Amino acid sequence: MGLPLLIGTLLGSLARFSALRVDYRQYPSYPQGYVIHTALGILGAFLGTAGPLALALGDFTAASFLAVAASQFREIRDVERQTLQALEQTELVPRGTGYIEGIARVFEARNYLAMAAGLLFSLGYLAGEALAAGPLAALGERWSGLLVGIPLSLVAWVRLERYTRGPRVADLADVVPAPIEFDGPMLTVAGVAVMNVGWGPARERYLKEGLAAEIRPRSAAAKATLANLGQRQAIAHDVMALIGSQHDVDEPEFTPLIRRRADGTLVLAILPAERNVDAFLAAIRQVPVLEGSVRKPLQSPVGRYLKGERPE
């Protein structure tokens, strides 16, 4: 069983490593983060592969380690949450608790991805060995197991990784540029009051260098989701992380802010480091939709009344 254990562990480890990317969130982009999460991925892949193989050999004690690994991976969410909360104090525009919780869940789920890739390879290998007594007799047990196990693991890898990505703001709303105007000292975007900017030079900078956008939800569910404070904070944080901002410590008038109109439309105003409208709109569109902010009010009995239907 040494070869299938090695291959299953390798496939599961690669599945976990492929999900470790350096991007604008800058986490985990440092060497220690790669070591920690790669090691956990290898452990998860090993246990996922070893479980079915151990059961096939009648070793129920070894298979019980799957339950132990699952309980240990649940603690990863707490560790990531605490780490990100500690880093929150260094952010000019904080992520917000909703974003932090979403990232922590993803790190936990991706270790299960490594375990699942190894587990399905192992199950496929055992199934291939069984088929070697019939349709795949010409290949022998080992090659039959590899022929079934490897594709099954790769399919699980691709499907589960796509599933954990989730939707983006662009999937829920139309994002269009909007003008920045002032009604006295009040900064407005598309008729929505955003903030009071009392300092004259600051108003001039907004008019000359500022960017603003409207985020128009396409449905009632999108409207309810984007109204979530955690989702709005995530948009402000990601936009600043992607295109930069002139905001600095103790400069509240330059803080990127999102306000909501009565019809559910959001408006965002920012003083970017580089004034590029296309980059600004693209940054908003690719913000992930937080799992904890998703709302589907029309699917409830009350929501059916709102659609003019009568729930049965």
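In what order do the four strands of the open sheet come? In this predicted model, the order is β1-β5-β7-β6, and the strands pair in the antiparallel sense. The edges go to β1 (173–177) and β6 (257–260); each has a single partner strand, so one side of each is left without a neighbour in the sheet. On average, and with direction ignored, neighbouring strands here are turned by 20° against each other.

Looking at one edge of that sheet, β1 runs antiparallel to β5 (residues 211–217), and five bridges join the two. One residue to look for is D174, whose bridge partner in β5 is R216.

Two helices lie across strands of this sheet. Helix α9, made up of residues 229–243, lies across β5, β6 and β7 (266–270), and runs at about 35° to β7. Helix α10, covering residues 277–285, lies across β1, β5 and β7, and its angle to β5 is about 35°.

Then there are the strands β2, β3 and β4. Strand β2 (residues 180–183) pairs with β3 (residues 186–189) over four bridges, in the antiparallel sense. The two make a hairpin with two residues between them, and G184 in that turn has a positive phi of about 70°. From β3, the chain goes into another hairpin with β4, again with two residues in between; in this turn A190 has a positive phi of about 55°. Strand β4 spans residues 192–196 and is joined to β3 by four bridges, with the two running antiparallel.

L187 is a handy residue for following these pairings: it is the bridge partner of F182 in β3, and its own bridge partner in β4 is M195.

Conventions. Residues are numbered from 1 along each chain as its sequence is written. This is a predicted model: local features need pLDDT of at least 70, side-chain atom pairs count only at pLDDT 80 or more; totals for chains, interfaces and linings use all residues. Side-chain values use heavy atoms; hydrogens and water are left out. Two strands pair if DSSP finds at least two bridges between them. Axes are lines fitted to C-alpha atoms, for helices over the stretch in contact, and angles run from 0 to 180 degrees between N-to-C directions. Contact means heavy atoms within 4.5 Å.
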